[in-house]
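Reader: Could we go through this structure together? I would like to begin with the strands and then turn to the interior.

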Amino acid sequence: MDLWYTENHTDDVKFSLKVDRQLATCQSDFQRIDIFESKEFGRILTLDGYLMVTEKDEYIYHEMITHIPLATNPDIRKVLVVGGGDGGTVRELARYKHIEKIDMVEIDEKVVELCKEYLPTLSCSLDDERVTIYYEDGMKFVRNTPDSNYDLIIVDSTDPFGVGEGLFTKEFYGNCFRSLTDDGILVNQHESTFYDSYANSMKRAHSRIKDFFSTALVYQAHIPTYPSGHWLFGFASKKFDPRRDLKAEWWNSLGLVTKYYNTILHTGCFAIPNNVRNTLRETYK
């Protein structure tokens, strides 16, 4: 009998992957966690039935959420990751030897435990000596963070409902602004504009971020297993414009081997299509 994982992208659109077997399932205090094995996409992590990462295409998301800010500001030393329990974002950050401290705030310890066991290619740097994991609510953590404490905050969150809902609020973005240094950068996963429900989340987040940051931009990547395959990220900064301030020569001198990101793509990913540009012009409080 064929076994399929199916996610509803809208009421009228479904996305399905054939899976060989279910490797793990757990109902934590916060959500249901499942890990599947598939022939085409390798191992798959889902939370409450929503696909978070697959082994085959996770590098796109994690490279684009980390290397864009690092190639813009080479002086980043202290980083906060909100969410990211699979470990992929920390893995990419840990490749930069000059980063001194990586704090990760993940509300659900079971996600980290299962990813360490079943997704070691993502979670391989969670035991790096520079990494400290806090198992608590990200919104509360940032609320209690001292002023000017981080050079970079990466919001590697789930979608804006359930445990991730508070990470899309105006209060949260305001606390992120306060917690960043004068050179600070905020990067967040920004949903998509292709389906209306996702577009509304993106408009709301972008409008709120613009209330605090002098630079608030959106950039894109193509991730096959995410709704529509066209995914967006937000880049916000008190000082830097990632198009103007890209340190391409410095970044290339590091010799980091990537599968998706490069410094040519860095500039190009901010050239967003008209449908996204038009959506960004709409305000949503």
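**Strands, a helix and the cores**

Author: In this predicted model, strands β3 and β4 form a hairpin with 3 residues between them. The two strands pair in the antiparallel sense over 6 bridges, and D34 stands opposite T46 in β4.

Reader: And what joins β2 to β3?

Author: A hairpin of 4 residues makes that connection. Strand β2, residues 13-27, pairs with β3 in the antiparallel sense over 7 bridges. Within this pairing, A24 stands opposite I35 in β3.

Reader: Why is β3 largely enclosed by the rest of the structure?

Author: Strand β3 spans residues 32-38, and 6 of its 7 residues are buried, so it is largely enclosed by the rest of the structure.

Reader: Changing topic: which residues of helix α6 are buried?

Author: In α6, residues 170-179, the buried ones are F172, Y173, G174, N175, C176 and S179.

Reader: What covers them?

Author: The cover over the buried residues of α6 includes strands β6, β9 and β10, together with helices α5 and α7.

Reader: Now the largest nonpolar core. Which residues touch the most other members?

Author: Those are L45, L93, L152, Y219 and F233, in a core of 64 residues. Helix α1, residues 58-72, gives the most to this core, with 8 residues.

Reader: What does L93 touch?

Author: Leaving aside residues up to four places away in sequence, L93 touches T66, L70, V79, V81, I99, I102, L152 and I154. There is also a second, separate core of 20 residues, including V105, M139, A205 and A216.

Technical notes. Residues numbered from 1 in each chain as written. Predicted model: local features only at pLDDT ≥ 70, side-chain atom pairs only at ≥ 80, totals over all residues. Heavy atoms only, no water. Buried < 20%, exposed > 50% of the residue type's maximum accessible area, 1.4 Å probe, protein only. Pairing = 2+ DSSP bridges. Contact = heavy atoms within 4.5 Å. Core = buried A, V, L, I, M, F, W, Y, C linked by side-chain atoms within 4.5 Å.
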